[in-house]
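Hi everyone, thanks for coming along. Today I'd like to walk you through one structure, and I'll take it slowly so that newcomers can follow. Please have a look at the screen.

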Amino acid sequence: MILLTEVTEAGWWLTACAGFFTLQVFMASRFLHGHGGPPLTWLHILPVALIFLCTVGWLITLPVMLPQTAAWRAIALLILAVPLTLTDLRCQWLPMRYTVMFWLGGLAAAALPGSVQPFLTALLTSFGSFGLSAGVRWLANLHNGDERIGLGDVYLMAGLCAWLPWRSACYAAAGGLLLCCFCALLTRQPSKPFAPALFSYLCGVCIFFPQYMAGVL
């Protein structure tokens with residue numbers, strides 16, 4: 001279980017996670033700059049940083065209610081989701097290099113001891129999710145000039161099914177989609193990026209229902 005009684009130790013772990021966050025922000029910024037995208041601003045970075053650090057700080061100092069491997073796996077998931085969240089938030093881009101890394105990270109986590117699902121299950125489920133999501137994308141974009149569902153979202157869902165059991169991944173996707181629709185309703189904009197909504201939903205789950213990240217529904 002994660003129970004850090006020393007404030008100094010918790011501070012060091014939080015500092016390390018903040019360093020990983022900064023690195024991911026740098027990578028996302030470099031990608032946008034190298035591909036002619038709009039630059040990241042503090043208006044985009046600060047809310048994501050605040051949500052991320054609050055969630056990670058809670059997981060690090062979490063009382064004895066979540067297996068240690070589950071907590072660190074949740075932190076790794078959030079770290080790998082940072083560049084996806086920022087690029088999607090800034091200009092609705094989900095670069096394949098980051099979606100594939102997110103997917104591979106989930107498969108690597110499934111291969112480690114204490115994973116929430118066996119590696120073979122994670123592999124088959126993620127590929128099944130990829131095929132199903134690709135089919136939904138094809139149908140959604142069939143008679144539309146603009147993409148309603150991007151290919152990056154397909155990779156994102158496949159990666160999510162590698163990190164979480166398929167039922168948990170479906171609940172997470174549904175929660176992210178509802179949050180996305182709610183934000184679109186508030187702002188009166190029909191199109192909203194999915195990755196930031198999913199990231200926010202997963203952070204909320206880590207704070208209020210941490211056992212969810214251990215595959216307990």
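I'll talk about pockets, then a cavity, and then a few single residues.

One thing to keep in mind from the start: this is a predicted model.

Let's begin with the pockets. The largest pocket has a volume of about 1,100 Å³. It is lined by 39 residues, and those closest to its centre are Arg 148, Ile 149, Gly 150, Asp 153 and Phe 194. If you'd like to find the walls on your screen, look for helix 4 (96–111), helix 5 (119–141), helix 6 (151–163) and helix 7 (166–187), because each of these supplies at least two lining residues. Which helix gives the most to this lining? That is helix 7, with eight residues. As for the chemistry, the lining of the largest pocket has 23 nonpolar, nine polar and seven charged residues.

Now the second largest pocket, with a volume of about 260 Å³. Here 14 residues form the lining, and Leu 89, Cys 183, Pro 196, Ala 197 and Ser 200 are the closest to the centre. At least two lining residues come from each of helix 2 (42–60), helix 3 (68–91), helix 7 and helix 8 (194–208). Helix 8 provides the largest share, four residues. Sorted by class, the lining of the second largest pocket has eleven nonpolar residues, two polar and one charged.

Next, the cavity. How many cavities of 30 Å³ or more does a search of the whole structure find? The search finds one, and about 70 Å³ of space lies in it. Helix 3, helix 6 and helix 8 each supply at least two residues of its lining. Among the lining residues are Leu 77, Phe 102, Leu 156 and Phe 199. Thr 85 is on the list as well. By class, the cavity lining divides into ten nonpolar residues, one polar and no charged.

Let's move to the surface. Phe 20, Leu 23, Phe 26 and Met 27 form a nonpolar patch there, and together they have about 390 Å² of accessible area. Take Phe 26 as an example: you'll find it in helix 1 (residues 7–34). Is Phe 26 partly exposed or buried? Its relative accessible area is 49%, so Phe 26 counts as partly exposed, given that this class runs up to 50%.

For a contrast, please turn to Cys 161, in helix 6. Its relative accessibility is 5%, and therefore Cys 161 counts as buried, since buried means under 20%. Cys 161 also shows how a chain can bring together parts of its sequence: Ser 126 is 35 residues apart from it along the chain, yet their C-alpha atoms are separated by 4.9 Å.

My last stop is Gln 92, which is found in the loop between helix 3 and helix 4. What is phi of Gln 92 near? The value is near 60°, which is positive, in a residue other than glycine. Why point that out? Because most residues other than glycine have a negative phi. With 43% relative accessibility, Gln 92 counts as partly exposed.

If you take one picture home, let it be this: helix 7 giving eight residues to the largest pocket, and helix 8 giving four to the second largest. Thanks for listening, everyone!

Terms used: Residues are numbered from 1 along each chain as its sequence is written. This is a predicted model: local features need pLDDT of at least 70, side-chain atom pairs count only at pLDDT 80 or more; totals for chains, interfaces and linings use all residues. Side-chain values use heavy atoms; hydrogens and water are left out. On a 1 Å grid over the protein atoms alone, a cavity is a set of points where a 1.4 Å probe fits but cannot get out, and a pocket is an open set with protein on both sides within 12 Å along at least five of seven lines; lining residues have an atom within 4 Å of a point. Grid points are joined across faces, edges and corners, and a volume is the space filled by probe spheres set on the points. Ala, Val, Leu, Ile, Met, Phe, Trp, Tyr, Cys and Pro count as nonpolar, Asp, Glu, Lys and Arg as charged, and the others, Gly among them, as polar. Patches are made of residues with over 30% relative accessible area and no salt bridge: like charges are joined within 9 Å, nonpolar side chains (Val, Leu, Ile, Met, Phe, Trp, Tyr) within 5 Å. Accessible areas come from the Shrake-Rupley method with a 1.4 Å probe; for residues, only the protein chains shown count as cover. A salt bridge is a side-chain nitrogen of Lys or Arg within 4 Å of a carboxyl oxygen of Asp or Glu. Buried means under 20% relative accessible area, exposed over 50%, partly exposed in between (1.4 Å probe, protein chains only).
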